[in-house]
Amino acid sequence: MKHTDVKEILLNPSLIGTDVTVCGWIRTSRDSKNMAFIELNDGTSLKHLQIVIDKSNFSDISDYMPGGTALKVIGTVVEGAVNNAVEVNAKEISVLGACPGDYPLQKKRCSLEFLRTIPHLRVRTNTFNAVLRVRSVAAAAIHRYFQSNNFVYINTPLLTASDCEGAGEVFKVTTIGYSDKYKSEEEYYADDFFGKKAGLSVSGQLEGEVAAMGLGKIYTFGPSFRAEKSNTQRHVAEFWHVEPEIAFAELDDVIEVAQSMIKYVISDVMEKCPQELDFFEKFMQKGLRNKLQNIIDNDFEVLDYTKAIELLQNADVKFQYPVEWGCDLQTEHERYITEKIFNKPVFVTNYPKEIKSFYMKQNPDGKTVAATDLLVPGVGEIIGGSQREEDLGKLLSAMEERGMSLSEYSDYIDLRKFGSVPHGGFGLGFERIIMYMTGIENIRDVQLYPRTVGNIR
Ligand code: 4AD
(Lines give C-alpha, C1' and ligand atoms only; values in the text may rest on other atoms or scores of the structure.)
Protein backbone atom coordinates (compact mmCIF):
# COMPACT_ATOMS: atom_id res chain seq x y z
CA MET A 1 0.00 0.00 0.00
CA LYS A 2 1.85 3.10 -1.17
CA HIS A 3 1.84 5.79 1.49
CA THR A 4 4.10 8.31 3.24
CA ASP A 5 5.25 7.80 6.84
CA VAL A 6 3.88 10.28 9.39
CA LYS A 7 7.46 11.00 10.44
CA GLU A 8 8.39 12.06 6.89
CA ILE A 9 5.40 14.38 6.65
CA LEU A 10 6.19 16.00 10.00
CA LEU A 11 9.89 16.48 9.30
CA ASN A 12 9.99 17.24 5.62
CA PRO A 13 8.87 20.82 4.81
CA SER A 14 9.26 20.20 1.07
CA LEU A 15 6.06 18.15 1.25
CA ILE A 16 4.01 21.28 2.07
CA GLY A 17 1.59 21.93 -0.78
CA THR A 18 1.77 18.36 -2.11
CA ASP A 19 -0.81 15.60 -1.88
CA VAL A 20 0.09 12.55 0.23
CA THR A 21 -1.48 9.26 1.23
CA VAL A 22 -1.09 8.56 4.92
CA CYS A 23 -2.20 5.58 7.02
CA GLY A 24 -2.49 5.18 10.77
CA TRP A 25 -4.60 4.63 13.84
CA ILE A 26 -6.71 7.35 15.40
CA ARG A 27 -5.33 8.43 18.75
CA THR A 28 -7.94 11.14 19.40
CA SER A 29 -10.55 12.95 17.37
CA ARG A 30 -12.68 16.04 17.81
CA ASP A 31 -15.82 16.96 15.96
CA SER A 32 -16.86 20.64 15.88
CA LYS A 33 -19.52 22.47 13.89
CA ASN A 34 -18.01 22.70 10.42
CA MET A 35 -14.68 20.99 10.93
CA ALA A 36 -13.36 17.80 12.49
CA PHE A 37 -9.81 16.97 13.63
CA ILE A 38 -8.07 13.62 13.93
CA GLU A 39 -4.72 12.87 15.57
CA LEU A 40 -3.33 10.05 13.46
CA ASN A 41 -0.31 7.93 14.34
CA ASP A 42 1.30 5.21 12.24
CA GLY A 43 4.02 4.33 14.76
CA THR A 44 6.89 6.04 12.90
CA SER A 45 6.80 9.06 15.18
CA LEU A 46 5.92 9.85 18.76
CA LYS A 47 4.18 13.00 17.49
CA HIS A 48 0.81 12.52 15.82
CA LEU A 49 -0.23 14.02 12.51
CA GLN A 50 -3.31 16.21 12.55
CA ILE A 51 -5.85 15.44 9.84
CA VAL A 52 -8.23 18.33 9.22
CA ILE A 53 -11.66 17.51 7.82
CA ASP A 54 -13.82 20.18 6.23
CA LYS A 55 -17.18 18.56 6.86
CA SER A 56 -18.78 20.23 3.84
CA ASN A 57 -16.66 17.89 1.66
CA PHE A 58 -17.93 14.67 3.28
CA SER A 59 -21.47 13.38 3.58
CA ASP A 60 -20.94 11.43 6.83
CA ILE A 61 -17.78 11.34 8.94
CA SER A 62 -19.05 9.24 11.85
CA ASP A 63 -17.06 6.13 10.76
CA TYR A 64 -13.85 8.19 10.69
CA MET A 65 -13.96 9.35 14.29
CA PRO A 66 -13.83 6.46 16.83
CA GLY A 67 -10.48 6.15 18.68
CA GLY A 68 -8.41 3.17 17.49
CA THR A 69 -9.89 3.12 13.97
CA ALA A 70 -7.33 2.47 11.22
CA LEU A 71 -7.60 4.99 8.38
CA LYS A 72 -6.14 5.72 5.00
CA VAL A 73 -6.25 9.44 4.20
CA ILE A 74 -5.42 11.25 1.00
CA GLY A 75 -4.94 14.96 1.43
CA THR A 76 -2.79 18.06 1.05
CA VAL A 77 0.04 18.85 3.43
CA VAL A 78 -0.34 22.37 4.82
CA GLU A 79 1.34 24.49 7.45
CA GLY A 80 -0.55 24.17 10.72
CA ALA A 81 -1.63 27.00 12.97
CA VAL A 82 0.56 26.14 15.99
CA ASN A 83 4.25 25.36 16.60
CA ASN A 84 5.20 25.16 12.92
CA ALA A 85 3.48 21.79 12.82
CA VAL A 86 2.24 20.56 9.50
CA GLU A 87 -1.17 18.98 9.04
CA VAL A 88 -3.10 17.32 6.27
CA ASN A 89 -6.32 18.68 4.79
CA ALA A 90 -8.28 15.53 3.98
CA LYS A 91 -9.69 14.99 0.48
CA GLU A 92 -10.52 11.29 0.69
CA ILE A 93 -10.74 9.02 3.73
CA SER A 94 -11.23 5.28 3.86
CA VAL A 95 -11.59 3.03 6.90
CA LEU A 96 -9.03 0.21 6.87
CA GLY A 97 -10.21 -1.27 10.16
CA ALA A 98 -13.14 -0.13 12.26
CA CYS A 99 -12.75 0.01 16.03
CA PRO A 100 -15.78 -0.53 18.28
CA GLY A 101 -16.47 1.23 21.57
CA ASP A 102 -14.98 -1.52 23.77
CA TYR A 103 -11.46 -0.62 22.57
CA PRO A 104 -9.57 -0.50 25.88
CA LEU A 105 -7.36 2.50 25.04
CA GLN A 106 -10.14 5.09 24.89
CA LYS A 107 -9.07 6.77 28.12
CA LYS A 108 -6.53 9.55 27.89
CA ARG A 109 -3.87 8.00 30.10
CA CYS A 110 -4.00 4.38 31.24
CA SER A 111 -1.82 3.18 34.11
CA LEU A 112 1.19 0.99 33.30
CA GLU A 113 -0.37 -1.74 35.48
CA PHE A 114 -3.51 -1.73 33.36
CA LEU A 115 -1.49 -1.73 30.14
CA ARG A 116 0.31 -4.89 31.29
CA THR A 117 -3.02 -6.71 30.99
CA ILE A 118 -3.22 -5.83 27.27
CA PRO A 119 0.31 -6.35 25.91
CA HIS A 120 -1.07 -6.82 22.38
CA LEU A 121 -2.59 -3.31 22.38
CA ARG A 122 -0.28 -1.27 24.57
CA VAL A 123 2.16 -0.80 21.66
CA ARG A 124 -0.35 1.78 20.44
CA THR A 125 0.28 4.08 23.39
CA ASN A 126 2.79 6.91 23.50
CA THR A 127 4.71 5.17 26.28
CA PHE A 128 5.31 1.99 24.31
CA ASN A 129 5.87 3.86 21.08
CA ALA A 130 8.68 5.70 22.88
CA VAL A 131 10.09 2.74 24.83
CA LEU A 132 10.25 0.44 21.84
CA ARG A 133 11.87 3.10 19.70
CA VAL A 134 14.54 3.73 22.37
CA ARG A 135 15.09 -0.06 22.49
CA SER A 136 15.55 -0.16 18.75
CA VAL A 137 17.96 2.79 18.66
CA ALA A 138 19.93 1.41 21.64
CA ALA A 139 20.20 -2.03 19.99
CA ALA A 140 21.58 -0.47 16.80
CA ALA A 141 24.03 1.62 18.88
CA ILE A 142 25.28 -1.50 20.66
CA HIS A 143 25.99 -3.19 17.36
CA ARG A 144 27.66 -0.06 16.00
CA TYR A 145 29.84 0.33 19.09
CA PHE A 146 31.18 -3.20 18.89
CA GLN A 147 31.42 -3.37 15.11
CA SER A 148 33.46 -0.18 14.97
CA ASN A 149 35.82 -1.50 17.66
CA ASN A 150 36.70 -4.75 15.83
CA PHE A 151 34.36 -7.04 17.77
CA VAL A 152 32.80 -9.91 15.80
CA TYR A 153 29.07 -10.56 16.33
CA ILE A 154 28.52 -14.18 17.35
CA ASN A 155 25.27 -16.10 17.76
CA THR A 156 25.73 -18.52 20.63
CA PRO A 157 23.37 -21.50 21.02
CA LEU A 158 20.16 -21.10 22.97
CA LEU A 159 19.80 -24.85 23.53
CA THR A 160 22.60 -25.93 25.81
CA ALA A 161 23.82 -28.79 27.94
CA SER A 162 25.73 -26.65 30.45
CA ASP A 163 24.73 -24.14 33.11
CA CYS A 164 26.99 -21.11 32.82
CA GLU A 165 26.09 -19.43 36.10
CA GLY A 166 25.51 -22.60 38.12
CA ALA A 167 22.65 -20.93 39.93
CA GLY A 168 20.12 -23.67 39.15
CA GLU A 169 17.89 -21.35 37.14
CA VAL A 170 17.96 -23.30 33.87
CA PHE A 171 14.69 -24.01 32.06
CA LYS A 172 14.70 -27.68 31.08
CA VAL A 173 14.21 -28.59 27.44
CA THR A 174 12.54 -31.95 26.91
CA THR A 175 10.29 -33.58 24.33
CA ILE A 176 8.99 -36.22 26.73
CA GLY A 177 5.79 -35.36 28.51
CA TYR A 178 4.73 -36.54 31.92
CA SER A 179 5.71 -40.19 32.36
CA ASP A 180 6.18 -42.64 35.22
CA LYS A 181 7.99 -45.06 32.94
CA TYR A 182 11.50 -44.01 34.06
CA LYS A 183 13.15 -45.08 37.28
CA SER A 184 15.72 -42.27 37.41
CA GLU A 185 16.52 -38.88 35.95
CA GLU A 186 19.41 -40.41 33.98
CA GLU A 187 17.11 -42.95 32.36
CA TYR A 188 14.63 -40.21 31.49
CA TYR A 189 17.17 -37.93 29.85
CA ALA A 190 18.90 -40.83 28.04
CA ASP A 191 15.58 -41.39 26.28
CA ASP A 192 15.08 -37.69 25.57
CA PHE A 193 15.74 -35.74 22.35
CA PHE A 194 19.43 -35.03 22.95
CA GLY A 195 20.09 -38.23 24.93
CA LYS A 196 21.11 -36.05 27.86
CA LYS A 197 19.84 -33.24 30.04
CA ALA A 198 19.40 -30.00 28.09
CA GLY A 199 18.14 -26.53 28.86
CA LEU A 200 17.76 -22.98 27.63
CA SER A 201 20.89 -20.87 27.90
CA VAL A 202 21.19 -18.52 30.89
CA SER A 203 24.20 -16.85 29.24
CA GLY A 204 26.19 -17.22 26.02
CA GLN A 205 29.45 -16.61 27.86
CA LEU A 206 30.96 -20.10 27.78
CA GLU A 207 30.50 -20.36 24.01
CA GLY A 208 31.48 -16.68 23.69
CA GLU A 209 34.82 -17.57 25.27
CA VAL A 210 35.25 -20.32 22.68
CA ALA A 211 34.73 -17.75 19.90
CA ALA A 212 37.01 -15.15 21.53
CA MET A 213 39.83 -17.68 21.67
CA GLY A 214 39.98 -17.57 17.88
CA LEU A 215 38.45 -14.22 16.92
CA GLY A 216 39.97 -12.13 19.71
CA LYS A 217 37.04 -9.81 20.40
CA ILE A 218 33.46 -10.98 20.09
CA TYR A 219 30.04 -9.99 21.33
CA THR A 220 26.69 -11.70 21.50
CA PHE A 221 23.31 -10.00 21.59
CA GLY A 222 20.44 -12.38 22.11
CA PRO A 223 17.97 -13.75 24.62
CA SER A 224 18.90 -15.50 27.88
CA PHE A 225 16.43 -17.45 29.96
CA ARG A 226 16.30 -17.77 33.71
CA ALA A 227 13.75 -19.66 35.76
CA GLU A 228 14.04 -17.13 38.55
CA LYS A 229 11.26 -17.26 41.06
CA SER A 230 12.08 -13.77 42.29
CA ASN A 231 9.14 -11.58 41.44
CA THR A 232 10.91 -8.24 41.36
CA GLN A 233 10.74 -5.11 39.23
CA ARG A 234 14.00 -6.01 37.50
CA HIS A 235 13.79 -9.75 36.79
CA VAL A 236 12.12 -11.48 33.88
CA ALA A 237 12.41 -15.09 32.73
CA GLU A 238 13.45 -14.04 29.21
CA PHE A 239 15.74 -11.06 28.80
CA TRP A 240 18.12 -9.78 26.13
CA HIS A 241 21.74 -10.12 26.95
CA VAL A 242 24.74 -8.31 25.47
CA GLU A 243 27.91 -10.28 26.16
CA PRO A 244 31.28 -9.15 24.86
CA GLU A 245 34.29 -11.39 25.42
CA ILE A 246 37.81 -10.05 24.98
CA ALA A 247 41.04 -12.00 24.55
CA PHE A 248 44.30 -10.60 25.95
CA ALA A 249 42.39 -8.60 28.57
CA GLU A 250 42.35 -8.14 32.32
CA LEU A 251 39.65 -6.80 34.63
CA ASP A 252 40.60 -3.14 33.98
CA ASP A 253 40.18 -3.65 30.24
CA VAL A 254 36.74 -5.20 30.77
CA ILE A 255 35.70 -2.21 32.90
CA GLU A 256 36.97 0.21 30.26
CA VAL A 257 34.94 -1.42 27.49
CA ALA A 258 31.82 -1.55 29.67
CA GLN A 259 32.07 2.13 30.54
CA SER A 260 32.75 3.33 27.01
CA MET A 261 29.95 1.17 25.57
CA ILE A 262 27.41 2.52 28.06
CA LYS A 263 28.45 6.11 27.33
CA TYR A 264 28.25 5.51 23.60
CA VAL A 265 24.78 3.97 23.75
CA ILE A 266 23.42 6.72 26.00
CA SER A 267 24.80 9.54 23.84
CA ASP A 268 23.40 7.91 20.70
CA VAL A 269 19.94 7.62 22.27
CA MET A 270 20.15 11.25 23.43
CA GLU A 271 20.99 12.34 19.91
CA LYS A 272 18.45 10.19 18.05
CA CYS A 273 15.49 10.14 20.45
CA PRO A 274 15.02 13.74 21.67
CA GLN A 275 11.21 13.59 21.58
CA GLU A 276 11.12 10.27 23.39
CA LEU A 277 13.43 11.59 26.12
CA ASP A 278 11.27 14.73 26.51
CA PHE A 279 8.30 12.41 26.97
CA PHE A 280 10.07 10.30 29.61
CA GLU A 281 11.36 13.41 31.37
CA LYS A 282 7.78 14.71 31.60
CA PHE A 283 5.96 11.52 32.56
CA MET A 284 8.51 9.10 34.07
CA GLN A 285 11.49 10.81 35.65
CA LYS A 286 12.18 14.47 36.27
CA GLY A 287 15.85 15.26 35.65
CA LEU A 288 16.30 12.31 33.28
CA ARG A 289 18.24 14.27 30.67
CA ASN A 290 20.62 15.73 33.27
CA LYS A 291 21.17 12.27 34.68
CA LEU A 292 22.07 10.90 31.25
CA GLN A 293 24.29 13.87 30.42
CA ASN A 294 26.18 13.35 33.70
CA ILE A 295 26.85 9.75 32.69
CA ILE A 296 28.42 10.88 29.46
CA ASP A 297 30.48 13.64 31.09
CA ASN A 298 31.88 11.83 34.14
CA ASP A 299 33.90 8.74 34.90
CA PHE A 300 32.16 5.91 36.73
CA GLU A 301 33.37 5.01 40.21
CA VAL A 302 35.43 1.84 40.73
CA LEU A 303 35.05 0.48 44.26
CA ASP A 304 36.59 -2.62 45.79
CA TYR A 305 34.04 -4.96 47.38
CA THR A 306 35.95 -4.88 50.69
CA LYS A 307 35.78 -1.07 50.72
CA ALA A 308 32.07 -1.23 49.82
CA ILE A 309 31.43 -3.43 52.86
CA GLU A 310 33.27 -0.92 55.08
CA LEU A 311 31.19 1.97 53.69
CA LEU A 312 27.97 0.04 54.25
CA GLN A 313 28.97 -0.93 57.79
CA ASN A 314 29.70 2.69 58.59
CA ALA A 315 26.47 3.92 57.02
CA ASP A 316 23.99 5.65 59.24
CA VAL A 317 21.16 3.34 58.10
CA LYS A 318 19.60 0.16 59.41
CA PHE A 319 19.62 -2.32 56.55
CA GLN A 320 17.16 -5.21 56.47
CA TYR A 321 19.96 -7.62 55.48
CA PRO A 322 23.05 -7.47 57.73
CA VAL A 323 26.31 -6.46 56.11
CA GLU A 324 29.47 -8.46 56.68
CA TRP A 325 32.44 -9.38 54.53
CA GLY A 326 31.43 -12.37 52.41
CA CYS A 327 27.77 -11.45 52.01
CA ASP A 328 26.17 -10.91 48.63
CA LEU A 329 25.09 -7.31 48.15
CA GLN A 330 21.31 -6.99 48.35
CA THR A 331 19.32 -4.43 46.36
CA GLU A 332 19.15 -2.12 49.39
CA HIS A 333 22.96 -2.20 49.67
CA GLU A 334 23.48 -1.64 45.96
CA ARG A 335 21.09 1.29 45.98
CA TYR A 336 22.74 2.85 49.01
CA ILE A 337 26.18 2.67 47.38
CA THR A 338 25.18 4.01 44.00
CA GLU A 339 22.41 6.45 45.00
CA LYS A 340 23.42 7.76 48.43
CA ILE A 341 27.21 7.51 48.54
CA PHE A 342 28.27 8.19 44.95
CA ASN A 343 25.15 9.20 43.02
CA LYS A 344 26.61 7.78 39.83
CA PRO A 345 27.36 4.37 38.31
CA VAL A 346 29.75 2.28 40.41
CA PHE A 347 31.79 -0.76 39.35
CA VAL A 348 32.12 -2.91 42.47
CA THR A 349 35.15 -5.19 42.02
CA ASN A 350 36.92 -8.19 43.58
CA TYR A 351 34.06 -10.05 45.24
CA PRO A 352 34.55 -13.01 47.60
CA LYS A 353 35.00 -16.12 45.50
CA GLU A 354 32.30 -18.07 47.37
CA ILE A 355 29.49 -15.84 46.10
CA LYS A 356 30.63 -15.76 42.47
CA SER A 357 30.79 -18.23 39.56
CA PHE A 358 33.38 -20.94 39.01
CA TYR A 359 34.95 -19.33 35.91
CA MET A 360 36.16 -16.11 37.53
CA LYS A 361 39.87 -15.35 37.82
CA GLN A 362 41.14 -16.09 41.32
CA ASN A 363 43.03 -13.18 42.86
CA PRO A 364 46.41 -13.75 44.57
CA ASP A 365 44.79 -13.11 48.01
CA GLY A 366 43.13 -16.54 47.71
CA LYS A 367 39.82 -15.04 48.90
CA THR A 368 38.49 -12.91 46.08
CA VAL A 369 37.94 -13.11 42.34
CA ALA A 370 38.49 -10.50 39.60
CA ALA A 371 34.80 -9.86 39.11
CA THR A 372 32.81 -6.68 38.68
CA ASP A 373 29.17 -5.65 38.82
CA LEU A 374 28.09 -2.26 37.52
CA LEU A 375 25.48 -0.68 39.77
CA VAL A 376 23.48 2.34 38.63
CA PRO A 377 21.15 4.63 40.60
CA GLY A 378 17.50 3.65 40.37
CA VAL A 379 18.00 0.26 38.75
CA GLY A 380 20.84 -1.42 40.63
CA GLU A 381 22.98 -4.00 38.80
CA ILE A 382 22.96 -3.68 35.02
CA ILE A 383 26.24 -5.48 34.24
CA GLY A 384 27.95 -8.54 35.67
CA GLY A 385 31.40 -9.44 34.39
CA SER A 386 34.87 -10.69 35.22
CA GLN A 387 38.28 -11.66 34.08
CA ARG A 388 38.16 -15.42 33.47
CA GLU A 389 40.36 -18.02 35.10
CA GLU A 390 42.80 -18.99 32.34
CA ASP A 391 44.92 -21.33 34.49
CA LEU A 392 43.85 -24.94 33.96
CA GLY A 393 44.76 -26.16 37.44
CA LYS A 394 42.99 -23.30 39.21
CA LEU A 395 39.89 -23.66 37.05
CA LEU A 396 39.69 -27.39 37.74
CA SER A 397 40.02 -26.87 41.48
CA ALA A 398 37.26 -24.21 41.45
CA MET A 399 34.99 -26.62 39.58
CA GLU A 400 35.81 -29.50 41.90
CA GLU A 401 35.14 -27.34 44.97
CA ARG A 402 31.67 -26.74 43.55
CA GLY A 403 31.10 -30.43 42.79
CA MET A 404 30.73 -29.71 39.06
CA SER A 405 30.86 -32.44 36.44
CA LEU A 406 34.08 -31.88 34.49
CA SER A 407 32.92 -33.97 31.54
CA GLU A 408 30.04 -31.57 30.85
CA TYR A 409 32.52 -28.71 30.48
CA SER A 410 35.22 -30.51 28.49
CA ASP A 411 35.27 -27.92 25.65
CA TYR A 412 35.61 -25.11 28.16
CA ILE A 413 38.41 -26.90 29.97
CA ASP A 414 40.21 -27.59 26.66
CA LEU A 415 40.46 -23.82 26.06
CA ARG A 416 42.81 -23.70 29.07
CA LYS A 417 44.93 -26.50 27.62
CA PHE A 418 45.47 -25.15 24.13
CA GLY A 419 46.98 -21.65 24.04
CA SER A 420 45.17 -20.21 27.04
CA VAL A 421 45.38 -16.41 27.40
CA PRO A 422 44.14 -13.84 29.92
CA HIS A 423 40.65 -12.81 28.87
CA GLY A 424 37.41 -11.45 30.22
CA GLY A 425 34.02 -10.05 29.44
CA PHE A 426 30.69 -8.99 30.82
CA GLY A 427 26.96 -9.35 30.42
CA LEU A 428 24.72 -6.31 30.10
CA GLY A 429 21.01 -6.81 30.78
CA PHE A 430 19.53 -4.95 27.81
CA GLU A 431 16.19 -4.29 29.52
CA ARG A 432 17.97 -2.87 32.54
CA ILE A 433 19.78 -0.21 30.54
CA ILE A 434 16.50 0.63 28.80
CA MET A 435 14.94 1.11 32.25
CA TYR A 436 17.83 3.38 33.17
CA MET A 437 17.54 5.48 30.01
CA THR A 438 13.76 5.88 30.16
CA GLY A 439 13.23 6.16 33.92
CA ILE A 440 10.71 3.31 33.71
CA GLU A 441 10.81 1.45 37.01
CA ASN A 442 9.37 -1.94 36.11
CA ILE A 443 11.13 -4.25 33.65
CA ARG A 444 7.72 -5.54 32.51
CA ASP A 445 7.17 -2.17 30.86
CA VAL A 446 10.23 -2.20 28.61
CA GLN A 447 9.50 -5.46 26.76
CA LEU A 448 6.81 -6.32 24.24
CA TYR A 449 5.79 -9.51 26.07
CA PRO A 450 7.39 -9.92 29.51
CA ARG A 451 7.62 -13.44 30.89
CA THR A 452 7.59 -13.73 34.66
CA VAL A 453 6.78 -16.49 37.11
CA GLY A 454 3.17 -17.52 36.58
CA ASN A 455 2.76 -15.22 33.57
CA ILE A 456 3.08 -16.11 29.90
CA ARG A 457 0.75 -15.45 26.97
O1 4AD B 1 25.45 -11.14 36.35
P2 4AD B 1 24.98 -12.15 35.34
O3 4AD B 1 24.29 -13.37 35.86
O4 4AD B 1 26.27 -12.52 34.50
C5 4AD B 1 26.31 -13.47 33.53
O6 4AD B 1 25.38 -14.08 33.05
C7 4AD B 1 27.68 -13.59 32.92
N8 4AD B 1 27.80 -14.91 32.30
C9 4AD B 1 27.88 -12.46 31.95
C10 4AD B 1 29.23 -12.46 31.30
O11 4AD B 1 30.22 -12.24 31.97
N12 4AD B 1 29.28 -12.70 30.00
O13 4AD B 1 24.00 -11.45 34.31
C14 4AD B 1 24.44 -10.33 33.56
C15 4AD B 1 23.37 -9.27 33.52
C16 4AD B 1 22.94 -8.75 34.89
O17 4AD B 1 23.82 -7.76 35.35
C18 4AD B 1 21.57 -8.20 34.58
O19 4AD B 1 21.66 -6.90 34.02
C20 4AD B 1 21.06 -9.14 33.52
O21 4AD B 1 22.17 -9.80 32.98
N22 4AD B 1 20.14 -10.13 34.10
C23 4AD B 1 18.80 -10.05 34.02
N24 4AD B 1 17.99 -9.13 33.47
C25 4AD B 1 16.67 -9.32 33.58
N26 4AD B 1 16.10 -10.40 34.18
C27 4AD B 1 16.87 -11.35 34.74
N28 4AD B 1 16.30 -12.42 35.31
C29 4AD B 1 18.29 -11.20 34.68
N30 4AD B 1 19.34 -11.93 35.12
C31 4AD B 1 20.44 -11.26 34.76
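Modeller: A polar contact is a pair of N or O atoms within 3.5 Å; within protein, one must be able to donate a hydrogen and the other to accept it, and residues adjacent in sequence count only if both atoms are side-chain atoms. This is a predicted model, where local features need pLDDT of at least 70 and side-chain atom pairs count only at pLDDT 80 or more, while totals for chains, interfaces and linings use all residues. Residues are numbered from 1 along each chain as its sequence is written, and side-chain values use heavy atoms, leaving out hydrogens and water.

Colleague: What makes valine 236 a polar contact of the ligand?

Modeller: A polar backbone atom of valine 236 sits 2.9 Å from a ligand nitrogen, so the pair passes the distance cut-off for a polar contact. Glutamate 243 uses a polar side-chain atom, 2.7 Å from a nitrogen of the ligand. For phenylalanine 426, a backbone N or O atom is 3.4 Å from a ligand nitrogen. The protein covers 93% of the 630 Å² of accessible area that the ligand has on its own (Shrake-Rupley method, 1.4 Å probe).

Colleague: Which strands supply at least two residues each of the shell around the ligand?

Modeller: Strand 10 (238–247), strand 14 (380–387) and strand 15 (423–429) do, strands being DSSP runs of E, at least two residues, numbered from the N terminus. Strand 14 gives the largest share, five residues.

Colleague: How do you know that lysine 91 and aspartate 19 meet in a salt bridge?

Modeller: Their side chains are 2.5 Å apart, N to O, and a salt bridge needs a side-chain nitrogen of Lys or Arg within 4 Å of a carboxyl oxygen of Asp or Glu, so this pair qualifies. The pair links distant parts of the chain, with lysine 91 in strand 5 and aspartate 19 in strand 1, 72 residues apart.

Colleague: Why is lysine 91 called partly exposed?

Modeller: Buried means under 20% relative accessible area and exposed over 50%, with partly exposed in between (1.4 Å probe, protein chains only). Lysine 91 has 48%, so partly exposed it is. Aspartate 19, at 45%, gets that label too.

Colleague: What makes aspartate 31 and lysine 55 a pair that ties parts together?

Modeller: They form a salt bridge, the closest N and O atoms being 2.7 Å apart. Aspartate 31 lies in strand 1 and lysine 55 in the loop between strand 3 and strand 4, so the tie joins parts 24 residues apart in sequence. Lysine 55 has 24% relative accessibility, so it counts as partly exposed.

Methods
Helix = DSSP H or I, 4+ residues; strand = E, 2+ residues; numbered from the N terminus.
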